[in-house]
Amino acid sequence: MKPTTLLPLLALFLPACSDAEEPEETGYEIEDVESSRGMGGSGFGGWQDWWALNREDYLAVHQERESPSTAVNATNASATVDAGVLGQMNAAFLEAVNDSNDAEIAAAAMIALARGGGDPSESMTALSARLASSTRAESLAATSALSQLRTADSRQLLQGILTAQDSALQYFGRKKEIPLNNRAFAAYGIALQARYQADAGHKQAAATLLWDQLRADESSAADLRVACVLGLGLLDQADPGMTVSWLQEYLANEDMDEQVRAHCPVAIADALSHSGAGAAEKASATLLELLNQKRVDQSMRLGVILGLSDLASQAPGTVAEVSETMLFLGKRSRQRDEKNLAMIALGELGAVANSERREEITDFLTERLRKDTKATQPWAALGLGVMAWQMKQGGESIDALAMEELQKSFGKEKSLPLRSSLALALGLASFQSAREDLAKELQRAKDPEFQGFLALSLGMLGNHADAVQIQILMMDSARQPQLLSRTALALAASQSTQVVPALVTMLAPADGSKPRVAEQAAILAALDQVGDQHAIAEVFALAQDSKAQQSVRAAAFQTLSCILEQGAKPWADPIATDLNYFAAVETLNSEDAGILSRP
């Protein structure tokens, strides 16, 4: 379809709500504490939410897996821990899972046990016994841990949970049926297990199972169906043709739940991540046609934008048409979320467009940064940052004038959320000319959220002197959990070798004093994100300390589970990347029942 036929029709279907008269932002509406998955709270929609879900791709704090085919039952990190120490930890994990009466400790220990590479049979027995817990979070943690155990027995049990077999129901005690949330978790687990298997037959079997459940499920809640759709996109198949055709069939079926269909575009893009340009371009054309249809649900339109953005680098033949559409939406759409996501899509597209189109996109984003509302300006800034980051990966550089405009806006703006997004964009772009301005601002900034984003930006710029300043700020932030986590991430992004030793010193001061309970929890949460084997001794001692608060011991077990996962991106990270959070369900992001809220 030609842009000239698409754009006038698009104008007819744009929602008739305007953000032109929105009041200027004066403060933050951000999650209180970021989890190890990068999300906190249950609300979505701001640029901070987009960043929390996608930051793993940009910060490079975790080392990417070399290949899904290299995955084994024991994680890379557990293989590097001293065998004797690992044996002691696995024994403690197993004891906590078997004997602890505290649901938080048991839940955290289950994930650690699955990642520790201990005896698979003992682990399987202990984890499956916890499925019957009356505490929902504990039962879901058991399902998640079984997924990460990655054995044939755990895979068989997960299949039974997903399909609600009587053989699996017996593990759920007196419950008359397997809870829907556990079945959704099993769907994610089956998909992620298959993702890290090299066998094509295993991947296809998982795809068939997920597709069958997607079609069969008639639950009033959409959780299981959403899990099946997202799972189909996670399989990392060399030949995803059949899987993509199923997803396209479901997407095209207007009788199906729109909330579920809204996740199909991103799942299609994910499934095609290793396919040729032909398949990706065909998928892009289909998604563009969907944007041109009447009565398309808004969450579906947002999913299409995310899917097209995800396909940008894979479908060079459609970049011109897709970017034309995004330029139109970015300027003319009266639906704020649609307009904002178009800015990110343009950043992705600009990185792979030809020089003429790239210049047009750069000029457009720069103009939106100057002239749009305070609600959209951060997205324009991040669009430029994303474009610059993507181009840098390919050995190219974005137009310096655009970066100078970002720096100029950072200096003159008053809104802290906007200035935070500008700082983040400058960091993503590795624009060294802005380093001095950012460092000076960090010295005088008082707002912890603003300080956190300034630190992240400077961390990405990687200057040693800034790392020293960030470390000082981090060690003074034990009572501000979010700032502590962001400064720790900043140091990790800067490749500082001091971040873990500094956090360990905060957790176990040399003078023998103990931080307050809330401070211990905040330090452990920071170690969840950046910790490595050098923190094991102190964290393990805290997990075993019977005199410590139960909540602190649970947090220590969780930190150990995260350390054992190091060497790879977080287990559930593929679900979060480019997620259509406007169609979220409980099992994605709720605090006690969300797969993305798990360590």
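Leu 369 sits in helix α20, and that's a handy place to start looking around this predicted model. The chain is a helical affair, with 33 helices and 0 strands. Of its 599 residues, 61% are buried. Take the contacts between residues at least 6 apart in sequence: 71% of them join residues at least 24 apart.

**Leu 369 and its surroundings**

- With a relative accessible area of 3%, Leu 369 is buried, because the cut-off for buried is under 20%.
- Setting aside neighbours within four places in sequence, Leu 369 touches Gln 377, Ala 380, Ala 381 and Leu 384, which belong to the α21 side of the α20–α21 contact.
- Leu 369 is also in contact with Glu 405, Leu 406, Ser 409 and Leu 422.
- Leu 422 is 53 residues away from Leu 369 in sequence, yet the C-alpha to C-alpha distance is 9.6 Å.

**α20 against α21**

- Helix α20 covers residues 355-371 and helix α21 covers residues 377-393; their axes come within 7 Å and cross at roughly 150 degrees.
- Angles over 145 degrees count as roughly antiparallel, so that is the label for α20 relative to α21.
- The crossing of this pair, α20 and α21, is left-handed.
- On the α20 side, the contact is made by Arg 358, Ile 361, Thr 362, Leu 365, Thr 366, Arg 368, Leu 369, Arg 370 and Lys 371.
- On the α21 side, the partners are Gln 377, Ala 380, Ala 381, Gly 383, Leu 384, Met 387 and Met 391.
- Sorted by class, the residues of the α20–α21 contact are 8 nonpolar, 4 polar and 4 charged.

**α4 against α31**

- Here α4 packs with helix α31 (residues 550-565) at an angle of about 135 degrees, and the two axes are 12 Å apart.
- That angle makes α4 and α31 oblique to each other, because roughly antiparallel needs an angle over 145 degrees.
- α4 passes α31 in a left-handed crossing.
- From α4 come Leu 86, Met 89, Ala 92, Phe 93 and Ala 96, and they meet Phe 557, Leu 560 and Leu 564 of α31.
- By class, the α4–α31 contact has 8 nonpolar residues, with no polar and no charged ones.

**α8 against α11**

- The axes of α8 and helix α11 (residues 200-216) come within 11 Å and cross at roughly 15 degrees.
- An angle under 35 degrees counts as roughly parallel, so α8 and α11 get that description.
- The crossing of α8 and α11 is left-handed.
- Arg 155, Gln 159 and Leu 162 of α8 meet His 202, Leu 209, Leu 210 and Gln 213 of α11.
- The α8–α11 contact has a mixed make-up: 3 nonpolar, 3 polar and 1 charged residues.

**Loops and backbone oddities**

- Most residues other than glycine have a negative phi. Two exceptions follow.
- Arg 150 isn't a glycine, but its phi is positive, at about 55 degrees.
- You'll find Arg 150 in the loop between α7 (136-149) and α8 (152-162), and at 12% relative accessibility Arg 150 counts as buried.
- Ala 164 is likewise a residue other than glycine with a positive phi, in this case near 55 degrees.
- The loop that holds Ala 164 runs between α8 and α9 (166-169), and at 38% relative accessibility Ala 164 counts as partly exposed.
- Ser 100 is in the loop between α4 (83-99) and α5 (103-115); its relative accessibility of 15% puts Ser 100 in the buried class.
- Not counting residues up to four places away in sequence, Ser 100 touches Glu 95, Ile 105, Ala 106 and Arg 130.

**Cysteines**

- Searching the whole structure turns up 0 disulfides.
- Cys 228 is buried, with a relative accessible area of 0%.
- Cys 264 is buried too, also with a relative accessible area of 0%.

Note on methods:
Residues are numbered from 1 along each chain as its sequence is written. This is a predicted model: local features need pLDDT of at least 70, side-chain atom pairs count only at pLDDT 80 or more; totals for chains, interfaces and linings use all residues. Side-chain values use heavy atoms; hydrogens and water are left out. Axes are lines fitted to C-alpha atoms, for helices over the stretch in contact, and angles run from 0 to 180 degrees between N-to-C directions. Helices (H or I, at least four residues) and strands (E, at least two) are DSSP runs, numbered from the N terminus. Angles under 35 degrees count as roughly parallel, over 145 as roughly antiparallel, 65 to 115 as roughly perpendicular and the rest as oblique. A crossing is left-handed if the near helix is turned anticlockwise from the far one by less than a right angle, and right-handed if clockwise. Contact means heavy atoms within 4.5 Å. Ala, Val, Leu, Ile, Met, Phe, Trp, Tyr, Cys and Pro count as nonpolar, Asp, Glu, Lys and Arg as charged, and the others, Gly among them, as polar. A disulfide is a pair of cysteine sulfur atoms within 2.5 Å. Buried means under 20% relative accessible area, exposed over 50%, partly exposed in between (1.4 Å probe, protein chains only).
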